[in-house]
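Open your viewer, switch on the cartoon view, and keep the selection box handy. We will walk through a few stops together, one selection at a time.

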Amino acid sequence: GVHIADLVHGNACCLPLPTGCIDALVCDVPFGKQYSTVEDCRSWLYNKVLSEFDRVVHRTRGRMVLLSSLEQEPWVLRAAGF
C-alpha cells in the first residue's frame, strides 16, 4: 500500500494540529544564527518548541528526530527533559 505523508507549515511554537496526531516529526532546531539569537533560543524558544512537539506527537507510537548543533545540544536536551 501507498503511505501518504502530510506536510504542515506553521509556527513551531503553536502548531495548528490536534494533540497526539503526529506519528513522526523531524526538526532542524534553530541555532540562533538565522532565526532569533542564541540567547533567545536558549532562554525560551527550545522550551516552547519542544513542549509543543510533545503535545502533538502521539504518546505511544510517535517518534521525534531533532537535529542540533553541538554548541546548542545541552540546551536542546535540557528542554527535551534529559
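Begin by selecting Val38, Cys41, Leu45, Tyr46, Val49, Leu50, Glu52, Phe53 and Val56, and show their side chains: these are the buried residues of helix 1. Keep in mind as you look that this is a predicted model.

Which elements do the buried residues of helix 1 pack against? Colour strand 1 (24-28), strand 2 (63-67) and helix 2 (73-79), and you have the partners in view.

Now select the whole of helix 1, residues 38-56, and put a distance label between its end C-alpha atoms. You should read 25 Å. The helix has 19 residues, and at 1.5 Å a residue it should span 27 Å, so the two values agree. Next, centre on Leu45, where helix 1 bends by about 50 degrees. Leu45 was also in your selection of buried residues.

**Next stop: the pocket**

Turn on a surface and look for the largest pocket, with a volume of about 820 Å³. To find its centre, select Val8, Ile22, Ala24, Leu25 and Val26, the closest to that point among the 27 residues of the lining. Strand 1 and helix 1 are the elements that each give two or more residues to this lining. Strand 1 provides the largest share, with five residues. What kinds of residue make up the lining? Colour by residue type and you will find 20 nonpolar, four polar and three charged.

**Next stop: Val65**

Select Val65, which sits in strand 2. Is Val65 buried, exposed or partly exposed? Its relative accessibility is 43%, so Val65 counts as partly exposed, a class that runs between 20% and 50%. Leaving aside neighbours within four places in sequence, Val65 is in contact with Leu25, Val26 and Cys27. You have already met Leu25 and Val26 by the centre of the largest pocket. For another distance label, add Cys14: the C-alpha atoms of Cys14 and Val65 are separated by 18 Å, and the two residues are 51 residues apart along the chain.

**Last stop: Gln72**

Finally, select Gln72, in the loop between strand 2 and helix 2. Gln72 has 0% relative accessibility, and therefore counts as buried. What is around Gln72? Apart from neighbours within four places in sequence, Gln72 is in contact with Phe31, Val38, Cys41, Arg42 and Tyr46. Val38, Cys41 and Tyr46 bring you back to where the tour began, among the buried residues of helix 1.

Notes
Residues are numbered from 1 along each chain as its sequence is written. This is a predicted model: local features need pLDDT of at least 70, side-chain atom pairs count only at pLDDT 80 or more; totals for chains, interfaces and linings use all residues. Side-chain values use heavy atoms; hydrogens and water are left out. Helices (H or I, at least four residues) and strands (E, at least two) are DSSP runs, numbered from the N terminus. The expected span of a helix is 1.5 Å times one less than its number of residues. The bend at a residue is the angle between axes fitted to the seven residues ending there and the seven starting there. Buried means under 20% relative accessible area, exposed over 50%, partly exposed in between (1.4 Å probe, protein chains only). Contact means heavy atoms within 4.5 Å. On a 1 Å grid over the protein atoms alone, a cavity is a set of points where a 1.4 Å probe fits but cannot get out, and a pocket is an open set with protein on both sides within 12 Å along at least five of seven lines; lining residues have an atom within 4 Å of a point. Grid points are joined across faces, edges and corners, and a volume is the space filled by probe spheres set on the points. Ala, Val, Leu, Ile, Met, Phe, Trp, Tyr, Cys and Pro count as nonpolar, Asp, Glu, Lys and Arg as charged, and the others, Gly among them, as polar.
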